[in-house]
Amino acid sequence: MSTEAEALKLDAADAGHRDLFDVPPAQGGDYPEVAYFAGNSLGLRPKATRAELLEDLDAWAALGVEGHLDAARPWLPYHELLTGPASRLVGALPSETVVMNSLTVNLHLLMVSFYRPTRSRHRIVIEDAAFPSDSYAVRSQVAFHGYDAEDAVIRLRPRPGEDSLRTSDVVEQLGGDVALVLLGGVNYLTGELMDIPTITKAGHAAGAVVGWDLAHAAGNVPLALHEWDVDFAAWCSYKYLNSGPGALAGAFVHERHLGTDLPRFEGWWSTEAATRFEMTPESRPPASADAWQVSNPPIFSMSPVRTSLELFDKIGIETLRERSLRLTAYLAKLLAPVPLQVITPSDPARRGAQLSLRVSGMRAGELSRRLRFGYGVIADAREPDVVRLAPVPLYSTYHDCWRAATALAEVMA
Ligand SMILES: Cc1ncc(COP(=O)(O)O)c(C=O)c1O
């Protein structure tokens, strides 16, 4: 096992941005702050979030309705402040990107446009280990169109004895009856990073539409959605994007679908901003992802997303990914002698920050409780037997990794 002194030395040489975040106090162990590994579930709060949210909140007190136009960050075009940084984060054009709603809501709104089943082509491909919300969403879409979810939803399973999906096996399942491929860019349970460009290309070759749930990918790994020709994507902002519980989500629609006659559900925010107050009965949607908006956005929920996206924009996802590769490799090295099975792919190109550990001899929840109260290490349990650890390059440290591995070694012994 690496020593604590080694970990501290690595931190001195390769510091992140922990000083920009509020790190909660530990409820056990030898250190005042937690070693936080649950950034793949709920990221920590950037220190700037509170002050900037208060500025937006106080504009309401000072200006009332006039804040729509006169606030320092006017509310009417507020969402546009998020579009540039969000688009750069996911490798999209600004016109292809919008921040709105929640993740599953966005998936539904996008499926209204992109799941257009016919009798001969109505199937949807997801991972068997898809996050349940995605499974419920596609099953309900299939049922909405009058098809049987048991027949229409194809669930991809790893080969017996394996935990991750092989790209070639995914590609093989994409037949002529598939209308939509909707996979997680990084799987929530195993941490596997899918080969998004290859699968997107294969889906298109099979005649399907290809969308991605990037909940665990956005802010974790660099993405190039435009270049990869992805049809649509959605992601949440409360995990790696550190925007707070239930934070507003992102959506991407490829340029080639903008301004087309794809069906969309509309509301007053689907129309061109310049004409919004002409109060006409028919909308005039812009040729951008903004056309997928429905309602006027909740400004005080957008504020933390804006603060966080600006941070990502300043530091850069490529830089963060480099540190992420070093941190996760270090954690993997420290965990190698611990009697736990790492089910995340060992190839760094096939994973993001997260390592998922299969636990035996106790339930995952029990292990995560012991880590929290005995050691001040916050890990996330997926019952019955998976504990997930995500060293986050913005605020996690080598010392955090050392604390987690040391605690796991002690508990498992
Ligand atoms: C992969 C994935 N999809 C969907 C969701 C559900 O997100 P929401 O509740 O924001 O719709 C989550 C939440 O953790 C998730 O991890």
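This report walks through annotated residues, helix packing and some unusual backbone spots in a predicted model.

**The annotated lysine and its surroundings**

A good place to start is Lys-239, which an unreviewed UniProt entry lists as "modified residue: N6-(pyridoxal phosphate)lysine". In the model, Lys-239 sits in the loop between strand E9 (232–235) and strand E10 (249–253). Is Lys-239 buried or exposed? Lys-239 is buried, because 27 other C-beta atoms lie within 10 Å and 20 or more is the cut-off for that label. Setting aside residues up to four places away in sequence, Lys-239 touches Gly-39, Asn-40, Ser-41, Leu-42, Gly-43, Ala-215 and His-216.

Tyr-238 also lies in the loop between E9 and E10. Tyr-238 counts as buried, with 23 C-beta neighbours inside 10 Å. Beyond its neighbours within four places in sequence, Tyr-238 is in contact with Leu-42, Gly-43, Ser-243, Gly-244, Pro-245, Gly-246 and Ala-247. Leu-42 and Gly-43 therefore appear in the contacts of Lys-239 as well as in those of Tyr-238.

**Residues listed as binding site**

Which residues does the UniProt record list under "binding site"? The unreviewed entry gives Leu-103, Thr-104, Phe-131, Pro-132, Ser-133, Asp-134, Asp-213, His-216, Tyr-238, Trp-268 and Asn-296. These positions spread over 194 residues of sequence, and in space they are up to 31.4 Å apart between C-alpha atoms. His-216, one of the listed residues, is also among the residues that Lys-239 touches.

Phe-131 is another member of the list, and its place is the loop between strand E5 (123–127) and helix H6. With 19 other C-beta atoms within 10 Å, Phe-131 is partly exposed. Apart from neighbours within four places in sequence, Phe-131 is in contact with Gly-184, Tyr-188 and Ala-215. Phe-131 and Ala-215 are 84 residues apart in sequence, yet their C-alpha atoms are 9.8 Å apart in space. Ala-215 is also touched by Lys-239.

Trp-268, listed too, is in the loop between E10 and helix H10 (299–315). Trp-268 counts as partly exposed, with 13 C-beta neighbours inside 10 Å.

**How the helices pack**

The table sets out three helix pairs.

| Helix pair | Angle between axes | Axis distance |
|---|---|---|
| H5 (103–114) and H6 (132–144) | about 30 degrees | 10 Å |
| H12 (364–375) and H13 (398–412) | roughly 115 degrees | within 10 Å |
| H1 (4–13) and H13 (398–412) | about 155 degrees | 7 Å |

Let's take H5 and H6 first. Helix H5 (residues 103–114) and helix H6 (residues 132–144) pack at an angle of about 30 degrees. That angle makes H5 roughly parallel to H6, and H5 passes H6 in a right-handed crossing. On the H5 side the contact is made by Thr-104, Leu-107, His-108 and Met-111, and on the H6 side by Ser-133, Asp-134, Ala-137 and Gln-141. By class, this contact has 3 nonpolar, 4 polar and 1 charged residues. Thr-104, Ser-133 and Asp-134 belong to this contact and are among the binding-site residues in the record.

The axes of H12 and H13 cross at roughly 115 degrees, and the crossing is right-handed. H12 contributes Leu-367, Arg-370, Leu-371, Gly-374 and Tyr-375, while H13 contributes Arg-403, Ala-407 and Val-411. These residues divide into 5 nonpolar, 1 polar and 2 charged.

H13 also packs with H1, at an angle of about 155 degrees, so the two helices are roughly antiparallel to each other. Here Glu-4, Ala-7, Leu-8, Leu-10 and Asp-11 of H1 meet Tyr-398, His-399, Cys-401 and Trp-402 of H13. This contact has 6 nonpolar, 1 polar and 2 charged residues.

**Backbone spots to look at**

Most residues other than glycine have a negative phi, and most peptide bonds are trans. Where does this model have a cis peptide bond? One joins Glu-383 and Pro-384, with omega about 5 degrees. Pro-384 is found in the loop between strand E14 (380–382) and strand E15 (386–389).

Asp-229 has a positive phi, near 65 degrees. Asp-229 lies in the loop between strand E8 (209–213) and E9, and counts as partly exposed, with 16 C-beta neighbours inside 10 Å.

Met-279 also has a positive phi, of about 55 degrees. Met-279 lies in the loop between E10 and H10, where Met-279 is exposed, with 7 other C-beta atoms within 10 Å.

Definitions and conventions: Residues are numbered from 1 along each chain as its sequence is written. This is a predicted model: local features need pLDDT of at least 70, side-chain atom pairs count only at pLDDT 80 or more; totals for chains, interfaces and linings use all residues. Axes are lines fitted to C-alpha atoms, for helices over the stretch in contact, and angles run from 0 to 180 degrees between N-to-C directions. Helices (H or I, at least four residues) and strands (E, at least two) are DSSP runs, numbered from the N terminus. Angles under 35 degrees count as roughly parallel, over 145 as roughly antiparallel, 65 to 115 as roughly perpendicular and the rest as oblique. A crossing is left-handed if the near helix is turned anticlockwise from the far one by less than a right angle, and right-handed if clockwise. Two residues are in contact if their C-beta atoms, placed from the backbone, lie within 7 Å. Ala, Val, Leu, Ile, Met, Phe, Trp, Tyr, Cys and Pro count as nonpolar, Asp, Glu, Lys and Arg as charged, and the others, Gly among them, as polar. UniProt positions are given in the numbering used here, feature names are shortened, and annotations may be inferred rather than shown by experiment. A residue is buried if 20 or more other C-beta atoms lie within 10 Å of its own, exposed if 12 or fewer, and partly exposed in between; C-beta atoms are placed from the backbone.
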